[in-house]
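Thanks, everyone. I'll put the structure up now and then walk through it piece by piece.

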Amino acid sequence: MDNTTGHEKGALTNRQHARQQEAIAALEQQALDDEAVDTLWDAVVGTASRTLEASHGKILLTSPHDHALTLKAGVGWQDGWIGRHICGVGENTQNRHVLMSHEPVIVADFLMDTRFAPSELLRIHGIRSGVSVPILGIDGLTGVLSVFSRDAGSFNSAAARFLQTLVKVLVATIHRRQADEKLSYPSRFDALTGLPNRRLFIDRLGQAMALAKHRQAKVGVVFADLDHFRIVNDAMGRGNGDKLLVQVAQRLQQCVRSGDTVARVGGDEFAFILSGMAQAKDATLVAEKVIAALSVPCELEGEEIYISASLGISVYPSDCTDVDGLLRNADAAMFQAKENGPAIYRFYLPQMNERAVARLKLETQLRGALARDEFVLYYQPRASLANGSITGFEALLRWQHPALGLMPPLQFISILEDTGLIVSVGEWIVLAACKQIMRWKSQGLMPHPISVNLSARQFQQRNLGFVIERTLRATGIDPALLEFELTESMLMKEAEAAIHALQVLKTFGVRVSIDDFGKGYSSLAYLKRFPLDVLKIDRAFIRDVAFDPDDATITVAMIKLAHSLGLKVVAEGVETRDQLDFLIENGCDEMQGYYFSRPLPLEGASRALMENHRLALH
Ligand code: C2E
Ligand code: MG
Ligand code: MG
């Protein structure tokens, strides 16, 4: 029997109302502060149960294709029930009614209620009354928020309205967070590949390091930089370059465990966080997997594209204990791998940083070198083994470094290639060589071909033909006096494309030689199809040709091969009389090497021509 007075009742309602307002405000506050959505569900059920003095509370959720309601959060139930399916949506419960009608349901006494099938669950818990409201408006999810009491008649419509307000706060918070996440997505993820970007990578690395410190574990950072990606980008266009990056990203993701991170940290740079490693060596497994995963060609527009990566590894805490340092070290190791690579990995070593810094400095200085006119060509003469006369020159690039002096190409060509500077420097080299041919001719000197080395990047440049044609036209030289040297490995890498590119070159009337022959693996079938004029035997075979029978045999075979293909043979790196005699004896056509002449500055080369220097054959 209710014996409170009307006044007391009003006071109670007011007090309840105030409590509810306070609870809603507190929940809103928590919704603002809290990071994880999951704690919000608990907070809603907790607030609902506490404020309405209920013994039990729960949120059940279902998705459109789900035929059961899952307990998302609860108060008063057994531990371990969260996440369990509670009942089918088809069963005649108050939940179903709420979901269908979108209206609250108040049950004053489950024992007396005839609308719904009796619930075993509620019976076991001694529950007599309850109130349920729908949760609507969350993407792809609907649900029910309920509270229960062991006393009958505990909830009225005010309680239902209170629950509806809590649901409003919940739904609004989830919407806001979804919007936030969408907003912050581009700032944390790479739009092209969907991988975490550099920023998120750095955040996660910090977390992984903190955790590893706590657990005394190691964290590996692996930097993977694609080798010669620029070439693909230039040759096949940006759109295809992007497609390739997406394929690479997918493969890289398959190389790590689910807890590890793969991020895209730069244009063609990816990075891994290997968290909780027991030993530094574990990183090699991932590095090897990456190399293997990329060794299978990618497909772009029906073509097979070979791509590889150079990898650098640094390990927390042995290499460094701060994020920046660890990244710097992985980067330095990656640079080292690039230099020795492609397609290899290197662990960080302390001396690498100095080299990476030095290289970076060179790169900066190289960027302005062309404009500052710091490049020069040296000319190394080739001589006929039939009569000893000069047959041509190879133009060899030098960099007149303002502080370090004259620098040989092996110290900077790879930087020119990696940065793409080789394209403009390469154009300058071709033009400079053509101008020199023109000048020698105007000085009345016997015209000899000048050969120019083409880098892989230049060779794959779509407008190479255009550049050559323009240069030939501008200088008006006889195209037969211009020769291009392409290394065997460049030609064999994508042989079909190389055949086509060579055919284009040949239409201008220039000559083509295959450089450093013997170092790579040539397919004879292709060799026959390349429109070549000259074969240059690599220095490595000539070095010991006079006393190593293997090198001698190979050299003789290469001379015969060249002749059978109708090519002239030039031996590179001839330094001694013995080598020379061997080559003469075995029918080699020409030689190039210190024995006759080192690469000469322009004046030296001009003098050699004017004074008609000859190689003494006997
Ligand atoms: P390469 O095309 O095989 O050039 C021959 C290299 O062998 C030159 O080195 C030359 O100085 C060296 N050499 C010649 N005779 C001898 C000898 O008797 N003994 C020894 N030990 N070496 C000899 P260099 O000038 O340092 O050039 C190295 C490489 O750099 C070249 O190898 C070429 O691949 C590249 N390179 C040079 N100039 C250019 C250029 O203008 N463009 C491009 N893309 N690459 C270039
Ligand atoms: Mg060469
Ligand atoms: Mg060579």
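Start with the open sheet of 6 strands, order 3-2-1-6-5-4, with antiparallel pairing. Keep in mind that this is a predicted model. Look at the ends of that sheet. Strand 3, residues 85–88, and strand 4, residues 105–107, sit at the edges with a single partner strand each, so one side of each has no neighbour in the sheet. The twist from one strand to the next averages 25°.

Go to the middle of the order. Strand 1, residues 56–62, and strand 6, residues 141–149, run antiparallel and are joined by 7 bridges. If you want a register mark, take Gly57: its bridge partner in strand 6 is Val147.

Now, which helix packs on this sheet? Helix 3, residues 94–101. It touches strand 1, strand 2 (68–75), strand 3, strand 4, strand 5 (129–138) and strand 6. The direction of helix 3 makes about 135° with that of strand 6.

Stay there for a backbone detail. His102 is in the loop between helix 3 and strand 4. His102 is not a glycine, yet its phi is positive, about 60°. As a reminder, most residues other than glycine have a negative phi.

Next, the other sheet. This one is open too, with 5 strands in the order 8-9-7-12-13, and the pairing is mixed. Its edge strands are strand 8, residues 261–264, and strand 13, residues 345–347, and each pairs on one side only. Here the twist averages 20° from one strand to the next.

Take strand 12, residues 309–316. It pairs with strand 13 in the parallel sense, over 3 bridges. Opposite Ile313 stands Phe347, in strand 13.

Two helices to point out. Helix 6, residues 198–215, lies across strand 7 (218–226), strand 8, strand 9 (269–277) and strand 12. Helix 6 runs at about 155° to strand 7. Helix 8, residues 238–253, packs on the sheet and touches strand 7, strand 8 and strand 9. The direction of helix 8 makes about 10° with that of strand 9.

Let's zoom in on both sides of strand 12. Ahead of it is Ser308, in the loop between strand 11 (303–305) and strand 12. What does Ser308 touch, leaving out residues up to four places away in sequence? The list is Asp225, Leu226, Asp227, Leu294, Pro342 and Ala343. With Asp227 there is a polar contact, side chain to side chain, at 2.6 Å. For scale, Gln207 is 101 residues from Ser308 in sequence and 30 Å from it in space, C-alpha to C-alpha.

On the other side is Pro317, in the loop between strand 12 and helix 10 (323–340). Check the peptide bond from Tyr316 to Pro317: it is cis, with omega near 0°. Most peptide bonds are trans.

Now zoom out to the domains. The chain is divided into domain 1 (15–183), domain 2 (189–362) and domain 3 (374–537 + 568–575 + 590–610). I'll focus on domains 2 and 3. Their centres, taken over C-alpha atoms, are 36 Å apart. In contact are 9 residues of domain 2 and 15 residues of domain 3.

How much area is buried between domain 2 and domain 3? About 1200 Å², with carbon and sulfur atoms giving 51% of it. On the domain 2 side, Ile231, Arg359 and Leu362 supply 46% of the area buried against domain 3, more than any other three residues.

Polar links next. Between domain 2 and domain 3 the count is 1 salt bridge. Where is Arg359 in this? Its side chain meets that of Asp418 in a salt bridge, 2.8 Å from N to O. Residue pairs in polar contact between these domains come to 2, counting pairs with both residues at pLDDT 80 or more.

Last, which helices each supply at least two residues of the side of domain 2 that touches domain 3? They are helix 7 (229–236) and helix 11 (351–367). Helix 7 gives the largest share, 5 residues.

That's the tour. Over to you for discussion.

Methods: Residues are numbered from 1 along each chain as its sequence is written. Chains are lettered from A and ligands numbered from 1 in the order in which they are written. This is a predicted model: local features need pLDDT of at least 70, side-chain atom pairs count only at pLDDT 80 or more; totals for chains, interfaces and linings use all residues. Side-chain values use heavy atoms; hydrogens and water are left out. Two strands pair if DSSP finds at least two bridges between them. Helices (H or I, at least four residues) and strands (E, at least two) are DSSP runs, numbered from the N terminus. Axes are lines fitted to C-alpha atoms, for helices over the stretch in contact, and angles run from 0 to 180 degrees between N-to-C directions. Contact means heavy atoms within 4.5 Å. Domain bounds come from an automatic or database domain assignment. Buried area is the accessible area (1.4 Å probe) that two parts lose on being put together, summed over both. A salt bridge is a side-chain nitrogen of Lys or Arg within 4 Å of a carboxyl oxygen of Asp or Glu. A polar contact is a pair of N or O atoms within 3.5 Å; within protein, one must be able to donate a hydrogen and the other to accept it, and residues adjacent in sequence count only if both atoms are side-chain atoms.
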